[in-house]
Amino acid sequence: MRLPTVFALILFAALPMLAHAAVPEFTLEIRQHLFVPDTLTVPAGTKVRLRVINRDSTPEEFESYSLNREKVIMGLQETIIFIGPLAPGRYEFFGEFNPRSAIGHIVAEAR
Amino acid sequence: MLLVSLVVVLREVLEASVILGLLFVLGRQIGLTRRWVPVSLGCGLLMAWLLASYFEQVAAWQDGIGQELLNSALSALVFVGLACLCQWQRNIQQRHAVVLIMATVFALTTTREGAELLLYYSAFTGDADLLKTTLLGGAMGVGIGLSLGVVCYYVLVQLSNSASQLGTRLWLALFGAGMLSQAVQMLQQADWLPAQTPLWSTNGLIAEQQVVGQLLYALFSYEATPTPLQLIVWLAGCALLLLLPISRRRAA
């Protein structure tokens, strides 16, 4: 098992506990299976902290193919999702448990 | 709601079903029984139920990134399990270990996918009609998911012996490497690994949200927009799973 050991060591060595610089934070709410606001404008080219607050009593899964993100948010709970750095553009996200109503976009703008 | 629940359930079941198909082929190649399956499924479902029950507490770990940490750990463990299988596949002395690892890999997959489904269904417990509709959709999703797993199994089994072994190993490598890449994505989402801009996007070619993209995701963890770190780990994982018999021969 020499190879796996080496591999595991490389993997752990690559785990830098980065100091948290000032990351811009944006808030998104889930209400009645809708995202509020449904369009969020964020700066392009930088990491962004997304605070998602679920005001519904039921769980929802924040999901986005273009952002490469998925996370379950339990009813009446909130969570943090880090996204980016994004190239300027429009990125769709949706609630996997209510994909017909819970749809939103993140617009990354160059500043 | 029927279609939505079908898709939600299918997405979760497909991954477990594909890995089960792969494990069956592997077991068949080395003449193992499938007696481990019920126990493994039972353990997986029990752990899924526990995880779903304590999900709020788990999610709150480390300032709200417990979910990412747990998912990446589960994915990484599945990879380690697959690596051990590649290592000991032909070793008669490790037969019990191989069975145990197969059972563990399947139980871990069931835990992750099952917990998400339990959370999904927890939203409908108050509404009998809606619950009925979504359960019906879910049953259809389970049916389709299992059928596709069976298709994977028979595709590999129908091949000639050497082609089947090569195909299984290749598939295991792609699947396992995809698991590692998913683990990296989760850690990047949690900000435990540095955030990175994706290297490219093949969404124009095969969009992840389309049926083909979804299928490729379940079969090989298809990722249309990988970050550099995801790619490196994917390549390393793939290489390791393909090379492992060589290191076994050297050790022998």
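**Exercise 1. Which pattern does chain A follow when read along the sequence?**

Solution. First, some ground rules. Residues are numbered from 1 along each chain as its sequence is written, and chains are lettered from A and ligands numbered from 1 in the order in which they are written. This is a predicted model, where local features need pLDDT of at least 70 and side-chain atom pairs count only at pLDDT 80 or more, while totals for chains, interfaces and linings use all residues.

Step 1: pick out the elements, which are DSSP runs numbered from the N terminus: helices are H or I with at least four residues, strands E with at least two. Chain A has one helix and nine strands.

Step 2: read them off in sequence, and you get α-β-β-β-β-β-β-β-β-β.

**Exercise 2. Work out the open sheet of chain A and its edges.**

Step 1: find the pairs; two strands pair if DSSP finds at least two bridges between them. Strand β1 (residues 25-31) of chain A pairs with β2(A) in the antiparallel sense, over three bridges. Ile30(A), for instance, has Phe35(A) in β2(A) as its bridge partner.

Step 2: put the strands in order. The open sheet has four strands of chain A, running β2-β1-β4-β7, with mixed pairing.

Step 3: look at the ends. β2 (34-36) and β7 of chain A each have a single partner strand, so one side of each lacks a neighbour in the sheet.

Step 4: check the twist. On average, neighbouring strands of this sheet are turned by 25 degrees against each other, direction ignored.

**Exercise 3. Track down the unusual backbone angles.**

Step 1: recall the background. Most residues other than glycine have a negative phi, and most peptide bonds are trans.

Step 2: look for cis bonds. One joins Val36(A) and Pro37(A), with omega about -5 degrees; Pro37(A) sits in the loop between β2 and β3 (39-43) of chain A. Another joins Gly84(A) and Pro85(A), with omega about 5 degrees, and Pro85(A) is in the loop between β7 and β8 (89-95) of chain A.

Step 3: look for positive phi. His33(A) is not a glycine, yet its phi is positive at about 60 degrees; you'll find His33(A) in the loop between β1 and β2 of chain A. Asp63(B), also not a glycine, has a positive phi of about 60 degrees and belongs to helix α3 (residues 55-64) of chain B.

Step 4: classify their exposure. A residue is buried if 20 or more other C-beta atoms lie within 10 Å of its own, exposed if 12 or fewer, and partly exposed in between, with C-beta atoms placed from the backbone. His33(A) has 16 C-beta neighbours inside 10 Å, so His33(A) is partly exposed. Asp63(B) has 10 C-beta neighbours inside 10 Å and therefore counts as exposed.

**Exercise 4. How do α1 and α6 of chain B cross?**

Step 1: take the axes, lines fitted to C-alpha atoms (for helices over the stretch in contact), with angles from 0 to 180 degrees between N-to-C directions. The axes of helix α1 (residues 2-29) of chain B and helix α6 (residues 128-158) of chain B come within 6 Å and cross at roughly 30 degrees.

Step 2: name the arrangement. That crossing makes α1(B) roughly parallel to α6(B), since angles under 35 degrees count as roughly parallel, over 145 as roughly antiparallel, 65 to 115 as roughly perpendicular and the rest as oblique.
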